[in-house]
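Let's walk through a protein model together, looking at how its pieces fit side by side. Have the picture ready as you read.

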Amino acid sequence: MEAIVYETFGGPEVLRHSRVRKPEPGPGQVRVKVMAAGVNPVDYKIRYGWMDEFYPTTLPAVPGLEFAGVVDAVGEGVTHTEAGAEVFGWTTTGAYAEYALAGHIAAKPAGLSWERAASLPVAGETAQRVLDLLRVKSGETLLVHGAAGVVGSVAVQLAVAAGVTVVGTASEANHEHLRALGATPVRYGDGVAERVRAAAPQGVDAVLDAAGQGVLPLSIELLGGSAERVVTIADPNAADHGVVFSAGGTEPAAVRAGLAKHARLAAEGLLDVRIAEVFPLADAAKAHEVSEAGHARGKLIIRP
């Protein structure tokens, strides 16, 4: 089968469009024909070798954590799905490939495109995990830094649906998008704390940092000096500020439940991820360059 493979850690140039052996499902495993794979910032961080603590990588490796596709073969003992089923979820062998072994999966609703289904697993799990850590509830106010990004926008939608008031930082070009999602946008950069106070005169109860641009001190300040309800997924210096850095750890049952919930919301039009660009498999290195630059206005997708 065709796949993207890297044999050493490094920049986008280490990614090779190759032919490798098709993986065979073992007991309890499912193989899928990948129709779309999501590209996430964690993909290039794993490729550089920066995330081994959370995602141990054995080289050579195929990148990609999330997919949408068709069940192609099932291993012994599999009863929760069957060949021909349309599913999406997490892969255990890398999603940038024609075929992959699936980890946690859920049925893909018929009305949901391959690209949109593939955009949900990582962003949905990350956003839900952080909202749960922050214990945000109806009537509270949540500040989201990087609210127009993929994870940020999913967090905004999930929080708004739960009755939470959301203030989100973003460039002015994304303000209308955030308003459409139900958030109050504020411009990031110098003076952002004052703009947040003006947008949320009632105060802020919790902060999600999906931007990682030195916003933790002002976030703590906005919470009256407490770091207890600040969580970052983007600032590696979190511990210096007494802030939780969240990079995974959701229980498998919760991951599966989250996939099903987010699929249902997406199918009902209540959860959406903007698709910025779709790349053919051979252009995976270009997709990583775009991801690493950090300016994509939405999700990057690879189509094998």
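## A sheet and its neighbours

In strand S9, Val-186 is the bridge partner of Thr-169. This is a predicted model, in which local features need pLDDT of at least 70 and side-chain atom pairs count only at pLDDT 80 or more, while totals for chains, interfaces and linings use all residues. Residues are numbered from 1 along each chain as its sequence is written, and side-chain values use heavy atoms, leaving out hydrogens and water.

S8 (residues 165–170) and S9 run parallel and are joined by 4 bridges; two strands pair if DSSP finds at least two bridges between them. Helices (H or I, at least four residues) and strands (E, at least two) are DSSP runs, numbered from the N terminus. The open sheet has 6 strands in the order S9-S8-S7-S10-S11-S12, with parallel pairing. S9 and S12 stand at the edges with a single partner strand each, so one side of each is left without a neighbour in the sheet.

| Edge strand | Residues |
|---|---|
| S9 | 184–187 |
| S12 | 244–245 |

Now for two packed helices. H3 (residues 121–134) and H8 (residues 252–267) pack at about 110 degrees, with axes 10 Å apart. Axes are lines fitted to C-alpha atoms, for helices over the stretch in contact, and angles run from 0 to 180 degrees between N-to-C directions. H3 and H8 are therefore roughly perpendicular (angles of 65 to 115 degrees). Contact (heavy atoms within 4.5 Å) involves residues including Pro-121 of H3 and Leu-259 of H8.

Technical notes. Parallel < 35°, antiparallel > 145°, perpendicular 65-115°, else oblique.
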